[in-house]
Amino acid sequence: MTGGHIALRRRPDWRHIRLLGTRTWISPLLIFMLMLASAATSFAADPETLTEYQIKAGFFFNFTRFVEWPEDAFATPTSPIVACIVGETPLTDLLTGVALGKVVNGRAVSITWVKPADDFRACNLLFISEAAERRTSEILARLRKTHTLTVGENPGFPRAGGMINFSIQDNKVKLEMNLDAATRAGLKVNSKLIAVSRLVSPNSVAEDN
């Protein structure tokens with residue numbers, strides 16, 4: 001990916017992580033997808049004890065395995081996959097722990113916390129947290145014509161042009177996807193990820209796969 005510089009910042013200290021409840025928070029299909037990648041197997045072992053953000057961290061990391069970037073998204077064949085998080089969120093520390101020492105398709109995974117005003121065109125993935133929701137339209141506009149996979153956790157994110165969204169329905173974490181937006185960015189999404197997502201586009205109603 002061309003252009004852009006990301007400065008590593010000190011991550012926020014989150015002592016309280018939101019819980020969804022005491023029942024199972026994740027559907028069987030999503031558990032299956034978590035288990036497909038060894039990095040998240042420990043998360044999938046007991047889904048009834050997971051926090052919302054443990055689930056999100058497991059999925060966000062797995063997106064590196066289930067999405068294929070074009071060759072020109074990386075400077076070299078061994079350049080790391082740069083996963084960025086904008087806005088304060090407990091996902092930052094959790095995802096750093098998940099990605100530590102992991103290699104995906106010959107590439108290390110680098111986790112970086114950024115501010116909304118930063119230039120994050122060098123990010124291969126960008127998570128726009130709930131705290132940065134009001135900047136969503138601006139951020140997505142700045143990422144047009146890049147190969148960045150955009151991930152959010154806000155209602156309407158896929159309809160605004162975001163690619164993957166975490167939504168909470170019936171006390172469970174579910175995935176929504178704007179597949180058209182990902183395709184326009186030159187990304188190839190694995191059929192397994194598509195199968196566990198609800199497809200959404202700006203000009204149509206959501207479709208359950």
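Is K145 buried or exposed? It's exposed, because its relative accessibility comes out at 89%, and the cut-off for exposed is over 50%. Keep in mind that we're looking at a predicted model here.

Okay, so where is that residue? K145 sits in the loop between α5, residues 136-142, and β6, residues 149-152. The backbone is worth a look too: K145 isn't a glycine, yet its phi is positive, near 70°. As a reminder, most residues other than glycine have a negative phi.

There's another one to show you, N105. That's also a non-glycine residue with a positive phi, about 50° this time. You'll find N105 in the loop that links β3, 103-104, to β4, 107-114. And N105 counts as exposed as well, because its relative accessibility is 68%.

Right, let's go inside. The largest nonpolar core has 44 residues, and F63, L149 and L193 are the ones with the most contacts within it. If you're wondering which helix gives the most to that core, look at α3, residues 52-66, with 8 residues.

Let me zoom in on L149 for a second. Skipping the neighbours within four places in sequence, L149 touches F63, V67 and W69, then N124, L125 and L126. The rest of its contacts are M163, I164 and L187. So F63, one of the residues with the most contacts in the core, is itself in contact with L149.

Last thing: there's a second core, separate from that one, with 13 residues. Among them are V114, I128, I139 and L140.

That's my tour, over to you.

Methods. Residues are numbered from 1 along each chain as its sequence is written. This is a predicted model: local features need pLDDT of at least 70, side-chain atom pairs count only at pLDDT 80 or more; totals for chains, interfaces and linings use all residues. Side-chain values use heavy atoms; hydrogens and water are left out. A nonpolar core is a set of buried Ala, Val, Leu, Ile, Met, Phe, Trp, Tyr and Cys residues joined through side-chain atoms within 4.5 Å. Buried means under 20% relative accessible area, exposed over 50%, partly exposed in between (1.4 Å probe, protein chains only). Helices (H or I, at least four residues) and strands (E, at least two) are DSSP runs, numbered from the N terminus. Contact means heavy atoms within 4.5 Å.
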